[in-house]
Amino acid sequence: MSEPQATHLKDYLPPAYRVTHTELKFDLAPSATTVTARLHVERHPEREAGLPLRFAGDKLSLVRIAVDGQTLEADEYEVDDEGLTIPSVPERFLLDTEVSIDPAANTALEGLYVSSGMFCTQCEPQGFRRITFYPDRPDVMATFSTTVVGDKTEAPVLLSNGNPVESGELPGGRHFVTWEDPHPKPSYLFALVAGKLEKVEDRFTTMSGRDVTLQIWVEPENLDKTDHAMASLKRAMRWDEETYGREYDLDRFMIVAVNDFNMGAMENKGLNIFNSAAVLTHPQTATDAAFQSVEGIVAHEYFHNWSGNRVTCRDWFQLSLKEGFTVFRDQSFSADINSAPVKRIEDVSFFRTAQFAEDAGPTAHPVRPDHYIEISNFYTLTIYEKGAEIVRMLRHLLGWETFRQGSDLYFARFDGQAVTIEDFVDCMAEVSGLDLSQFMRWYSQAGTPEIDAHGEYDYAKCEYHLRLSQRTPPTPGQAEKQPLHIPVRMGLVGTKSGNDMALTLDGESLGHETVLHLRDTEQTYVFTGIDEAPTPSLLRGFSAPVYLRYPYSREELSFLLTHDADDFNRWDAGQRLTMLALDDLIAAHRNGVEKVMDSRVIDAYRRLLTTETDDKAVLAEMLTLPSEAYIAEQQPMVDVDAIHAARVFVKQSLATALRDEFLAMHEAHRSDEPYAPEPDQIARRRVKNVALEYLMSIEDEEGVALAEAQVDAEDNMTDVRAALTMLVHSSRSDIAEPALKAFGEKWAHDPLVMNQWFTIQVTRPQEDVLERVKYLMAHPLFSLKNPNKVRALIGAFAAQNRVNFHRLDGEGYRLLADVVIELNRLNPEIAARIITPLTRWQRFDEQRQALMKAELERIRAEELSPNVFEMVERALA
Ligand code: 0A1
Ligand code: ZN
């Protein structure tokens, strides 16, 4: 294999030839599907005449090729590993090709493949080239007409994008359906599904009164698991009309659930394909978290119909144009229909754990990268989540009304086009009059900016001086960084009153809260008329994706925890307070000194547990300790054992000191109501299960009895899973093992539940877990070919079981490397994702670094896919 080459943003050129209309015919058979294509091709008006034609193609056997009806001679074209070249073509012509492909052998799950006996496709970003020869790039947009031919018994249902226009019987027990999609689209939005599927149907009337048929297609045994997705879809459709003025544009909208899928779901025009884990729910089989995630993903894919499909990306460097905006939209939707502060807390905790880690590691890249080897490696937290944070900053800088005008302008101006991030930001600049040129650096600069804040109160002058300085650490390939335009939402909390004080800056009165525009490396803000020493509440709602350092004392944090007007910052104050205690305990553990619990943390928790509050969802978040992964992100060098020990110590100390309070909290939040995935109920269950987790951390007898009873909860996977996890992770194997066995037997027929069964076991902190991981990998229900199972077992072990993955004998690393090597052949995309924990070696002690690097070297010695090659090269660079 020759070394894979990088593609660079600066080399962008429009294609020499484009396709305006695409006619496809699929003659489906698992091992030999024939794809016949008639492409209406023309020279791109911006490119010179006479250029050779080059279309992408991967793993296609060409049977026939003709230009304007004339079959080409062997010397008139050339096919290589990556595509088709025709040296000379007319300005405008019809290209006919017939190729044969092998969907059954497609374990990469890109292009057309077979999943549980069903044909399905995944074309983003570059899967369409595994279906036919094509200019497989997002700036080529064509209308599609697709005929699907299949066996009547094996594939009674034949779906593609758009509207069905014709269907009929064919000889030999076959039939066909022809679909037409009137909206020009890039090839990555093409979809086809065929198999033994059944549907649940509903209707939606759009704001202009058009009637849309909504269908969710699933395997027959899953028909009872579609209600929540359907309800979520209808809410999302209404929300997008009301919030963004966006209406659906076809007569039908279809969702299909498939079992083998590399990601969560895909926004193909009119025919969204979902990983079954991202669409199927039932109270008995799915947790509250799963219900909420389905709601968010259904909305995300639906919102892409405008932010992504109607207006798409010019090239893959612009991926965040559609993903950042769409994540921002789905986050806002979920915030609107659930608890807004909790949604923000959840998103930010995840962001500060996982995206910060990415930004600080060897695979750090800008939200708009300037080069890549394998674009599939760039479906990252940086492109998605940091991209969404950038859009959120724009929304804050402009205010909602103006931001909405910018969004309207963007959709109106670029409808039907493939555009760039500049096009989007320019619309925002145009409607607001703001100069966003410095702001654009957020897209080109990688790394997490750090803000250092210092406050000083001048009694004599009644002034508060706030000094903010910013710095972005170097990242691979970017040694020097420029200052960014950072919105810092803030307030000053009066120490006596506990209320936000009136803010006056440079003689201008700003109300009780303001957004500072930090643009320079260092800026000082002088607030006047401040008649008592305030406690600053900074970066409210996480108004920018940065690290904020301010030397808060524990007293100040306890104060903010009760008084900050911003829910998010109240929660954050609690997290910071706990982090200070954890830092001391981590140091104590490392130095072999006795651990002593900070009584201020216990007092803060006591207050939380005994003060009445309406917002149970926020309470549950406040009671939740930072995760080991989050704590690790805050440490200069990660000591996995010390972090684990310190966190367990805090949990047990709180449980011991506040045992009765936790028990009372648990009791107060039990309920006999039938299960519903409603925000109030979800919050109640969260509080109850968080309380039980504390009790179980000390294996309190009453706690154990409660968990044992809860494992049998009817119609409620949230409670069952929480209790089973606590038991399996405890030392009470006498109760855990029978419960685990009963659960496994009860749910052996349901892959999504069995994936949870795998995860519960491999995240056990006990030392013997590695044997369990190996044993489960040999379980008949496990398969490396199914990405969900890989994530549930290997992914969960490596990411969530930190003490055992990082074992000092290197066995955890070896196991992961073995899996990467095998997946490299089967499914390169998944291999390149699952390797991530190994790429973070710089963060650990020397001994672990050496072990992790040795495994990366061992992987590098293999014959690698471009996906894994790129990850390993970056990790070892
Ligand atoms: N556009 C989808 C994500 C997606 C990307 C690649 C896929 O297969 C390789 C599948 C889905 C989304 O944002 O939901
Ligand atoms: Zn998306």
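Visitor: What radius of gyration would a compact globule of 877 residues have, and what radius does the protein have?

Guide: This is a predicted model, and a compact globule with 877 residues would have a radius of gyration near 29 Å, whereas the protein has 28 Å, which agrees. Along the principal axes, the C-alpha atoms fill a box of roughly 90 × 70 × 60 Å. Of the 877 residues, 49% count as buried, and among contacts between residues at least 6 apart in sequence, 70% join residues at least 24 apart.

Visitor: How many helices and strands are there in the protein?

Guide: The protein has 28 helices and 33 strands. Two annotated spans contain strand but 0% helix: residues 110–189 are 55% strand, with end C-alpha atoms 13 Å apart, and residues 447–550 are 49% strand, with end C-alpha atoms 20 Å apart. According to unreviewed UniProt annotation, the former is "domain: Aminopeptidase N-like N-terminal", and the latter is "domain: Peptidase M1 alanyl aminopeptidase Ig-like fold".

Visitor: What span should helix 5 have, and how far apart are its end C-alpha atoms?

Guide: At 1.5 Å a residue, the 18 residues of helix 5 (residues 381–398) should span 26 Å, and the end C-alpha atoms are 25 Å apart, which agrees. Because 14 of the 18 residues are buried, helix 5 is largely enclosed by the rest of the structure. Just after helix 5, Gly399 takes a positive phi of about 85°. The 16 residues of helix 24 (residues 811–826) should span 22 Å by the 1.5 Å rule, and the end C-alpha atoms, 23 Å apart, agree with that. Buried residues in helix 24 include Tyr813, Leu816, Val820 and Asn824.

Visitor: At what angle do helix 27 and helix 28 pack, and how far apart are their axes?

Guide: Two packed helices are described by the angle between their axes and the distance between the axes. Helix 27 (residues 846–860) and helix 28 (residues 866–876) pack at an angle of about 145°, with their axes 10 Å apart, and helix 27 passes helix 28 in a left-handed crossing. The contact is made by Lys853, Leu856, Ile859 and Arg860 of helix 27, together with Val868, Val872, Ala875 and Leu876 of helix 28.

Visitor: Is Val790 buried or exposed?

Guide: A residue counts as buried if 20 or more other C-beta atoms lie within 10 Å of its own. Val790, found in helix 22 (residues 787–800), has 24 other C-beta atoms within 10 Å and is therefore buried. Leaving aside residues up to four places away in sequence, Val790 touches Leu784, Gly795, Ile830 and Ile834.

Visitor: Which value does phi of Leu109 take, and what is the phi of Cys462?

Guide: Most residues other than glycine have a negative phi, and most peptide bonds are trans. Phi of Leu109 is near 60°, a positive value, and this residue lies in the loop between strand 9 (92–101) and strand 10 (111–115). Cys462 has a positive phi of about 55° and is found in the loop between strand 25 (450–458) and strand 26 (463–471). With 24 C-beta neighbours inside 10 Å, Leu109 counts as buried, whereas Cys462, with 13 other C-beta atoms within 10 Å, is partly exposed.

Visitor: Where is Pro125 found, and is the peptide bond from Glu124 to Pro125 cis or trans?

Guide: Pro125 is in the loop between strand 11 (118–122) and strand 12 (142–151), and the peptide bond from Glu124 to Pro125 is cis, with omega near -10°.

Note on methods
Residues numbered from 1 in each chain as written. Chains lettered and ligands numbered in written order. Predicted model: local features only at pLDDT ≥ 70, side-chain atom pairs only at ≥ 80, totals over all residues. UniProt positions renumbered as here; feature names shortened; annotations may be inferred. Helix = DSSP H or I, 4+ residues; strand = E, 2+ residues; numbered from the N terminus. Expected span 1.5 Å × (residues − 1). Buried ≥ 20, exposed ≤ 12 C-beta atoms within 10 Å, placed from the backbone. Rg over C-alpha atoms; globule rule 2.2 N^0.38 Å. Contact = placed C-beta atoms within 7 Å. Axes fitted to C-alpha atoms, helices over the stretch in contact; angles between N-to-C directions. Left-handed = near helix turned anticlockwise from the far one by under 90°.
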